[in-house]
Amino acid sequence: MSRNDVQPQYNAGGECMLRERDLAARWNVSARTLQRWRAAGSGPPWHHFAGSVRYKLGDILNFEHQAKREGSAP
């Protein structure tokens with residue numbers, strides 16, 4: 001599996017969940033960056049299940065939308 005392959009999983013409610021490494025690959029950041037964001041209380045909402053961190057796809061899309069900036073590049 002390459003670094004950019006995202007393997008979604010689904011919770012009992014049918015919601016798409018991404019693992020930490022999948023979100024890191026989606027955003028081209030390190031898993032450590034996501035860990036720092038969680039420790040600082042920033043970044044998208046996350047969930048802890050059976051010893052691993054998961055992110056709901058809906059929360060990720062909302063976070064991306066809120067982070068979007070309009071305007072022209074310099």
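**Notebook: helix packing and selected loop residues**

I began with Asn 28, which sits in the loop between α1 and α2. The model is a predicted one, and I read every entry below with that in mind. Asn 28 comes just after α1 and takes a positive phi of about 55°. I noted this angle because Asn 28 is not a glycine and is exposed, with a relative accessible area of 59%.

**Entry: a second positive phi**

I then looked up Ala 50, another residue that is not a glycine but has a positive phi, here about 45°. I placed Ala 50 in the loop between β3 (47–49) and β4. Its relative accessible area is 89%, and I therefore recorded Ala 50 as exposed, the cut-off being over 50%.

**Entry: overall layout**

I listed the elements of the chain and found 3 helices and 4 strands. Read along the sequence, they give the pattern β-β-α-α-β-β-α. The chain has 74 residues, and I noted that 24% of them are buried. For the accessible surface I entered about 5200 Å², with 50% of it belonging to carbon and sulfur atoms. I also looked up the contacts between residues at least 6 apart in sequence: 38% of these join residues at least 24 apart.

**Entry: α1 and α2**

How do the axes of α1 and α2 cross? I found that the axes of helix α1 (residues 20–27) and helix α2 (residues 31–40) come within 8 Å and cross at roughly 105°. This angle falls in the range 65 to 115 degrees, so I described the two helices as roughly perpendicular to each other. On the α1 side, I listed Glu 20, Leu 23, Ala 24 and Trp 27 as making the contact. On the α2 side, the contact is made by Ala 31, Leu 34, Gln 35, Trp 37 and Arg 38. I sorted the residues of this contact into 6 nonpolar, 1 polar and 2 charged.

**Entry: burial of α1**

I next asked which residues of α1 are buried. They are Glu 20, Asp 22, Leu 23, Ala 24, Ala 25 and Trp 27. Because 6 of the 8 residues of α1 are buried, I described this helix as largely enclosed by the rest of the structure. I traced what the buried residues of α1 pack against and found β2, α2, β4 (52–56) and α3 (57–67).

**Entry: Arg 38**

Is Arg 38 buried or exposed? I located Arg 38 in helix α2 and read its relative accessibility as 16%. Since the cut-off for burial is under 20%, I counted Arg 38 as buried. Leaving aside residues up to four places away in sequence, I found that Arg 38 touches Glu 20, Trp 46, Val 53 and Tyr 55. Of these, I had already entered Glu 20 among the α1 residues that make the contact with α2.

**Entry: Glu 15**

I closed with Glu 15, which is found in the loop between β1 (9–10) and β2 (16–19). I recorded Glu 15 as partly exposed, with a relative accessible area of 36%. With which side chain does the side chain of Glu 15 make a polar contact? I found that the partner is the side chain of Lys 56, at 3.5 Å. I also looked up Leu 57, which is 42 residues from Glu 15 along the chain. The C-alpha atoms of Glu 15 and Leu 57 are separated by 7.6 Å.

Methods
Residues numbered from 1 in each chain as written. Predicted model: local features only at pLDDT ≥ 70, side-chain atom pairs only at ≥ 80, totals over all residues. Heavy atoms only, no water. Buried < 20%, exposed > 50% of the residue type's maximum accessible area, 1.4 Å probe, protein only. Polar contact = N/O pair within 3.5 Å; in protein donor to acceptor, adjacent residues only side chain to side chain. Contact = heavy atoms within 4.5 Å. Areas by Shrake-Rupley, 256 points an atom, 1.4 Å probe, with all protein chains shown as cover. Axes fitted to C-alpha atoms, helices over the stretch in contact; angles between N-to-C directions. Parallel < 35°, antiparallel > 145°, perpendicular 65-115°, else oblique. Nonpolar A, V, L, I, M, F, W, Y, C, P; charged D, E, K, R; others polar.
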